[in-house]
Amino acid sequence: MWEDMAQASKTSDASSPQLDDHAQGAALRLLKFGLTQNAKNDVVSRGRPRIAPRVIDATEERVKLRDCVDDTKWLLYKRDGTLKNHVPGSHDRADAIVEVVKGEWKVTSLYLHEAGSC
């Protein structure tokens with residue numbers, strides 16, 4: 001899911017067909033909302049988040065994950081190539097639910113905590 005988001009964020013394309021490859025429901029809506037906001041603000045992202053999720057709870061068809069997403073190398077840029085601002089990336093707590101949906105694992109719930117939350 002994060003790789004799909006990183007690809008779509010290069011152009012702030014909320015209609016990217018990749019987004020629903022690994023996300024659906026509330027998680028997919030959150031990703032699309034963020035990309036739509038970036039497009040409205042005329043910014044794109046460069047780089048990639050670094051992730052290392054850990055399992056908090058699991059059943060055969062549902063996994064709860066927690067991560068400290070490192071977005072210090074995944075920053076917002078204006079379309080002219082300059083940084084949107086001089087605010088560095090941070091480490092943000094992320095909680096996700098991944099479930100089997102029609103035989104495929106998909107992130108169905110994603111909550112991103114405030115910047116610097118981990």
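## A helix tucked inside

Let's start with helix α1: six of its eight residues are buried, so α1 is largely enclosed by the rest of the structure. Keep in mind that this is a predicted model. The buried residues of α1 are Trp2, Asp4, Met5, Ala6, Ala8 and Ser9. What do they pack against? Their partners are the helices α2 and α3, plus the strands β1 (43-47), β3 (62-70), β4 and β6 (104-112).

Now pick out one residue from that helix, Trp2. If you search the whole structure for aromatic pairs, you find one. That pair is Trp2 with Trp74, and the two rings meet edge-to-face, with 6.1 Å from centre to centre and 90° between the planes. Where do the two partners sit? Trp2 belongs to helix α1 (residues 2-9) and Trp74 to strand β4 (residues 74-78), so the pair ties together parts that lie 72 residues apart in sequence. As for cover, Trp2 has a relative accessibility of 15%, so it counts as buried. Trp74 is buried as well, because its relative accessible area is 15% and the cut-off for buried is under 20%.

There's another ring to look at, that of Tyr77. Arg46 lies over the face of Tyr77, 4.6 Å from the ring centre.

Next, have a look at Asp20, which you'll find in helix α2 (residues 19-22). Is Asp20 buried or partly exposed? With a relative accessible area of 41%, Asp20 is partly exposed. Leaving aside residues up to four places away in sequence, Asp20 touches Leu28 and Lys106. Try comparing Asp20 with Asp57: they are 37 residues apart in sequence, and their C-alpha atoms are 24 Å apart in space.

Finally, let's go to the surface. Leu30, Phe33 and Leu112 make a nonpolar surface patch of about 270 Å². Phe33 is part of helix α3 (residues 25-40). Its relative accessibility is 51%, so Phe33 counts as exposed, the cut-off being over 50%.

Here are the accessibility values side by side:

| Residue | Relative accessible area | Class |
|---|---|---|
| Trp2 | 15% | buried |
| Trp74 | 15% | buried |
| Asp20 | 41% | partly exposed |
| Phe33 | 51% | exposed |

To round off, go back to the model and find the edge-to-face pair of Trp2 and Trp74, then the patch of Leu30, Phe33 and Leu112.

Conventions
Residues numbered from 1 in each chain as written. Predicted model: local features only at pLDDT ≥ 70, side-chain atom pairs only at ≥ 80, totals over all residues. Heavy atoms only, no water. Helix = DSSP H or I, 4+ residues; strand = E, 2+ residues; numbered from the N terminus. Buried < 20%, exposed > 50% of the residue type's maximum accessible area, 1.4 Å probe, protein only. Contact = heavy atoms within 4.5 Å. Phe/Tyr/Trp six-rings, centres within 6.5 Å; stacked < 30°, edge-to-face > 60°. Lys NZ or Arg CZ within 6 Å of the ring centre and 35° of its normal. Patch = residues over 30% accessible without salt bridge, like charges linked within 9 Å, V, L, I, M, F, W, Y side chains within 5 Å. Areas by Shrake-Rupley, 256 points an atom, 1.4 Å probe, with all protein chains shown as cover. Salt bridge = Lys/Arg side-chain N within 4 Å of Asp/Glu carboxyl O.
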